[in-house]
Every structure is written in structure tokens, then in C-alpha cells.
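Morning, everyone. Please have the sequence and the model open while I talk.

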Amino acid sequence: MSDSRWLDAAARLASRARPLSLPNPAVGCILVRHGIVVGRGWTQPGGRPHAEAMALRQAGDRARGATAYVTLEPCAHVSTRGPACSALLIAAGVARVVVGCEDPDPRTAGKGIAALRAAGISAASCASEASRDSLAGYLMREGRGRPLVTLKLALSLDGCIAMADGSSQWITGPAARAHTHLVRACHDAILVGGGTLRADAPRLDVRLPGLERCSPVRWVLSRGDAPPGWSALRAADDLSPLLPAQYLMVEGGAETAAAFLAAGHVDRLLIYRAPIVIGGGMAGIGDIGLATLADAHEQWRLRDRRMLGKDTMEHYERIPCLPA
């Protein structure tokens with residue numbers, strides 16, 4: 001396979017680390033020797049061991065002379081939790097390292113690749129889209145000081161999230177709701193508005209067998225105190241209190257959705273659309289302060305669309321989404 005395809009495979013491995021790798025990014029690594037995979041690894045819960053250490057442990061002596069495909073530049077700094085991954089790769093005798101994304105962390109930024117080259121190892125950065133996508137939350141945290149934000153909406157065909165009296169269970173069917181729980185399991189934090197919390201008392205946990213431990217930390221957008229088990233975010237235009245979270249899922253309601261959109265802090269839209277018409281119900285999104293219709297155009301691109309039972313799931317991404 002080509003370098004890009006091996007990096008794509010490493011990015012798929014990295015997805016296994018979310019969201020339990022905090023505070024570290026979810027990284028994937030594949031070691032290939034003579035066209036055969038000899039080691040695979042991804043960041044472990046709590047951030048250690050790193051992906052490279054896991055892949056090298058699996059490969060053993062077979063790592064010597066192999067090519068390492070890593071979604072993120074191997075770290076160059078030694079911490080109390082373990083040695084630098086660049087040093088581990090050098091000690092293992094790999095012949096080549098292909099990096100999908102350079103690390104913006106100033107402790108590594110370029111230093112990992114430089115250390116490998118200084119040791120006589122061929123090291124190259126491949127600018128892999130799959131790698132950057134798998135690291136989207138980390139890149140957003142390091143580049144803009146906030147998590148990557150996904151706004152989830154469950155809508156009728158006419159854009160309502162509830163009846164006029166506020167009743168909303170259930171607009172979408174069981175397949176769409178199960179998919180929502182799967183998406184939750186990939187997020188570090190989840191947030192609703194104070195009105196939604198008071199009206200619906202949502203659990204916001206993950207109720208899929210085997211994934212319960214992946215339930216995100218719960219936040220409410222409120223200027224008041226948060227109930228036990230929750231934390232309060234005072235304003236949608238300052239998300240720094242959510243750090244070190246890398247991925248935030250916003251689930252409602254309409255004013256909270258509008259606040260995040262107006263602040264420019266929605267990076268991905270996840271819309272579940274049910275084949276029903278409510279008419280006169282509650283709109284899914286409040287006023288976001290657009291001055292002209294032209295301001296609404298060319299902001300989003302469709303990444304995915306699929307059927308979930310009778311419902312349609314649409315996944316949009318802001319243009320541009322990630323820091324350069």
C-alpha cells in the first residue's frame with residue numbers, strides 16, 4: 001500500500017482511543033516491514049502508553065528496519081510518565097517514519113522529526129487529511145484554545161425540535177437515537193442549555209452496552225449554579241473552561257444552538273431529520289444575528305448523509321474547520 005493508505009489505516013486505529021486518551025490526543029501507529037504489519041497501537045486510556053510504544057511492544061524485534069506510520073509527529077520531550085516516542089523509535093531501530101500531521105505542541109513541534117533525522121532515520125511529514133481529521137479536537141484545542149464543537153439537532157422536516165408546548169419525545173426513531181449515543185461516546189464533554197436541563201432533566205450519558213464508561217462530562221450553559229454532577233459554562237463565546245476537553249457535543253435547545261453559532265463556535269453540524277411535519281412547533285435554532293442572506297452561504301460542506309431507519313442523518317462541516 002502507499003504511504004497515504006497506511007496513514008489512513010493508522011487514523012482508523014486512532015479512533016479507538018477516543019475519548020479515553022485525555023489529556024493526550026488520540027494517535028494511531030502502524031509498523032510495517034516488507035509489506036507486512038508487525039505492530040499496531042493507539043493511545044491508551046489516560047494518555048499512556050502512547051501509540052508508538054504500544055506498536056513497538058507488539059512488534060518486538062521485528063520493528064528493526066520497519067517503517068512506522070504515525071498520525072501525529074512522535075513526541076520529543078521526556079515526561080515523568082514515560083520516554084519520548086521519538087527516542088523509542090530510534091532505540092527500536094526503525095528505518096523510516098512517516099508522519100501524518102506535525103505536532104503543534106511547542107514541546108515537540110518539529111523536534112520529533114528532527115531527532116529522528118539526526119539519528120539517521122528517514123522521516124517525512126505526509127500532510128494526511130485522514131490524520132488531521134482523526135486529530136481534529138486536539139488541533140482545535142492547541143490552535144484555538146477550545147474544543148472542537150459538534151452541534152446535534154433532531155428535527156422535523158419543517159425544522160422543529162418540539163411541539164409548541166415543548167414536548168419532543170420522540171421526534172426521531174430508535175436507530176437515530178442509538179447513533180446519537182454512539183456519537184456521544186466519542187466526545188469528552190456534552191452540553192445543553194439551562195432551559196433544556198430544567199424542562200427535560202436529560203441524562204446525556206451513553207446507553208450502549210460496553211460503552212457506558214465513555215459517557216462525556218456534562219455541562220450546562222447557565223449563569224447560575226450547576227446541579228450536582230454538572231458544570232456550568234457562563235457564555236458560549238468563551239469555551240476555555242471546558243479544557244482539557246478536545247470534543248464538545250452541544251445537544252440543545254434552540255437558544256443554546258443559536259448562541260454557539262453566533263459565537264462562531266460550531267465546527268460540525270449533526271442533523272437527524274425525521275419524516276414528519278409539526279407545523280407551529282418550536283424552531284430548532286434561534287436568531288444568530290445574520291445581517292444578510294449572503295452571510296449564510298458557503299459556510300458548510302456536507303461530509304456524510306445516511307438513512308437511520310426512517311430518519312436521515314446529515315453531517316456538515318464548517319469551511320474551513322481546522323486551524324491551518
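I'll walk through one sheet, then a second group of strands, and finish with some backbone details.

One caution at the start: this is a predicted model.

Let's begin with the sheet. A general point helps here. Strands of a sheet pair through backbone hydrogen bonds, and the pairing is either parallel or antiparallel. Our sheet is open and has five strands. Their order is S2-S1-S3-S4-S5, and the pairing is mixed. Which strands are the edges? They are S2 and S5, each of which pairs on one side only. From one strand to the next, the twist averages 15°.

Now look at S3, residues 67-70. S3 pairs with S1 in the antiparallel sense, over four bridges. Find leucine 31, whose bridge partner in S3 is alanine 68. Cysteine 29 stands opposite valine 70, again in S3. S3 also pairs with S4, and here the two strands run parallel, joined by four bridges. On that side, threonine 67 has arginine 96 of S4 as its bridge partner. So much for the backbone of S3. Where do the side chains go? Thr67 and Tyr69 point one way from S3, while Ala68 and Val70 point the other way. Are these residues buried or exposed? All four are buried.

Next, the helices on this sheet. Start with H1, residues 3-14. Does its length make sense? H1 has twelve residues, and at 1.5 Å a residue it should span 16 Å. The C-alpha atoms at its ends are 16 Å apart, so the model agrees with that expectation. H1 packs on the sheet and touches S1, S2, S3 and S4. The direction of H1 makes about 135° with that of S1. Several H1 residues are buried: Trp6, Leu7, Ala9, Ala10, Ala11, Leu13 and Ala14. What covers them? The cover includes S1, S2, S3, S4 and helix H5.

Helix H4, residues 111-118, packs on the sheet as well. H4 touches S4 and S5, and its direction makes about 155° with that of S5.

Let's move along the chain to S8, residues 189-193, and S9, residues 217-221. These strands run parallel, and five bridges join them. One pair to find is leucine 191 with its S9 partner, tryptophan 219. Add helix H8, residues 194-200, and you have a β-α-β unit: S8, H8, S9. What is its handedness? The unit is right-handed. S9 pairs with S10 too, in the parallel sense, over three bridges. There, leucine 221 has leucine 233 of S10 as its bridge partner.

Helix H7, residues 174-184, comes before S8 in the numbering. Its buried residues are Ala176, His179, Thr180, His181, Val183 and Arg184. Their cover includes strands S6, S8, S11, S12, S14 and S15.

Last topic: backbone details. Most residues other than glycine have a negative phi, and most peptide bonds are trans. Let's look at some exceptions.

Where are the cis bonds? One joins leucine 22 and proline 23, with omega about 10°. Proline 23 sits in the loop between H1 and S1. Another joins isoleucine 319 and proline 320, with omega about -15°. Proline 320 is in the segment after S15.

Now positive phi. Histidine 34 is not a glycine, yet its phi is about 55°. You'll find histidine 34 in the loop between S1 and S2. Is histidine 34 buried or exposed? Its relative accessible area is 75%, and the cut-off for exposed is over 50%, so histidine 34 counts as exposed.

Alanine 127 is another case: not a glycine, but with a positive phi of about 50°. Alanine 127 lies in the loop between S5 and H5. Its relative accessibility is 64%, so alanine 127 is exposed too.

To recap, take these pictures away. The open sheet runs S2-S1-S3-S4-S5, with H1 packed on it. S8, H8 and S9 form the right-handed β-α-β unit. Proline 23 follows a cis bond, and histidine 34 has a positive phi. Thanks, and over to you.

Definitions and conventions. Residues are numbered from 1 along each chain as its sequence is written. This is a predicted model: local features need pLDDT of at least 70, side-chain atom pairs count only at pLDDT 80 or more; totals for chains, interfaces and linings use all residues. Side-chain values use heavy atoms; hydrogens and water are left out. Two strands pair if DSSP finds at least two bridges between them. A crossover is right-handed if, with the strands pointing away from the viewer, the path from the first strand over the helix to the second runs clockwise. Buried means under 20% relative accessible area, exposed over 50%, partly exposed in between (1.4 Å probe, protein chains only). Contact means heavy atoms within 4.5 Å. The expected span of a helix is 1.5 Å times one less than its number of residues. Axes are lines fitted to C-alpha atoms, for helices over the stretch in contact, and angles run from 0 to 180 degrees between N-to-C directions.
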